[in-house]
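Student: I would like to take a close look at one residue of this model and then see the fold around it. Please keep the cut-offs explicit as you go.

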Amino acid sequence: MSRQVQERSFDDAVQWLRDHGFDILEAPGTEKRVFLKKYGVSAAIQPDGDGVKVFAHPGYLIQGEISKLVDRGYQKFLMTTKSEVPATADHLKAVHEFSEELKEATGMSSLYNESLGTVSDSYHYDRVKDRDQAEAARPKRPWKDTPAAKPSGKKRA
């Protein structure tokens, strides 16, 4: 059964976040842009008409920088401009809880697949890489280098 999501105004969302233990820091040099922090995760929001817009998506803080979650198929990583750290279960749980609380505060819709667990910012699977390029422009894959065995003309009795 679907529920109507009630979108909150920017000021109502900021008040809700304060009341629920988020650290709020005004962005320097801007009006009504705030950085949020809780569980070692941070994001940034700003007013958007009557609602709220997220301009820096939630990410775990690494050396004071909001990281992006990258899924490489075999492992998730937290990437910043300076470093890359393998994501632990604690990192993923913190990002997930922060994201769910942020959606509740702002009135954004919470999707089923996102409610199941943490969703990565990008996916880098080796077998999917370069698929958007033309067939001739794609690099040769190791598993495609071996030619198929040709059947011999001999038959067994």
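Student: Does Lys76 count as buried or exposed, and at what relative accessibility?

Tutor: Lys76 counts as buried because its relative accessibility is 18%, where buried means under 20% relative accessible area, exposed over 50%, and partly exposed in between (1.4 Å probe, protein chains only). This is a predicted model, in which local features need pLDDT of at least 70 and side-chain atom pairs count only at pLDDT 80 or more, while totals for chains, interfaces and linings use all residues. Residues are numbered from 1 along each chain as its sequence is written, and side-chain values use heavy atoms, with hydrogens and water left out.

Lys76 lies in strand β7 (residues 76-79); strands (E, at least two residues) and helices (H or I, at least four) are DSSP runs numbered from the N terminus. The side chain of Lys76 makes a polar contact of 3.3 Å with that of Asp71, a polar contact being a pair of N or O atoms within 3.5 Å in which, within protein, one must be able to donate a hydrogen and the other to accept it, and residues adjacent in sequence count only if both atoms are side-chain atoms. Another lysine, Lys82, sits in the loop between β7 and β8 (84-86) and is exposed, with a relative accessible area of 67%. The C-alpha atoms of Lys82 and Ser67 are 9.9 Å apart, across 15 residues of sequence.

Moving outward, the protein has three helices and nine strands, and 32% of its 157 residues are buried. Five of the strands form an open, antiparallel sheet in the order β1-β2-β3-β4-β5, where two strands pair if DSSP finds at least two bridges between them. Strands β1 (23-26) and β5 (65-66) stand at the edges with a single partner strand each, so one side of each is left without a neighbour in the sheet. Within the sheet, β3 pairs with β2 over five bridges and with β4 over seven, and six of the eight residues of β3 are buried. Ser42 of β3 stands opposite Lys37 and also opposite Gly59 in β4. Each of the two hairpins has two residues between its strands, with Tyr39 taking a positive phi near 60° in that of β2 and β3, and Gly49 one near 65° in that of β3 and β4.

The largest nonpolar core has 18 residues, and those with the most contacts inside it are Leu17, Leu36, Ile45, Phe98 and Leu102; such a core is a set of buried Ala, Val, Leu, Ile, Met, Phe, Trp, Tyr and Cys residues joined through side-chain atoms within 4.5 Å. Helices α1 (10-19) and α2 and strands β2 (34-38), β3 (41-48) and β4 (51-62) each supply at least two residues of this core. Apart from it lies another core, of five residues, among them Ile62, Leu69, Leu78 and Ala87. Leu17 touches Phe22, Ile24, Leu36, Ile45, Leu102 and Ala105, not counting residues up to four places away in sequence, with contact meaning heavy atoms within 4.5 Å. In β3, Ala43 is the bridge partner of Leu36. Phe98 and Leu102 are among the buried residues of α2, and just after that helix Gly107 takes a positive phi of about 85°.
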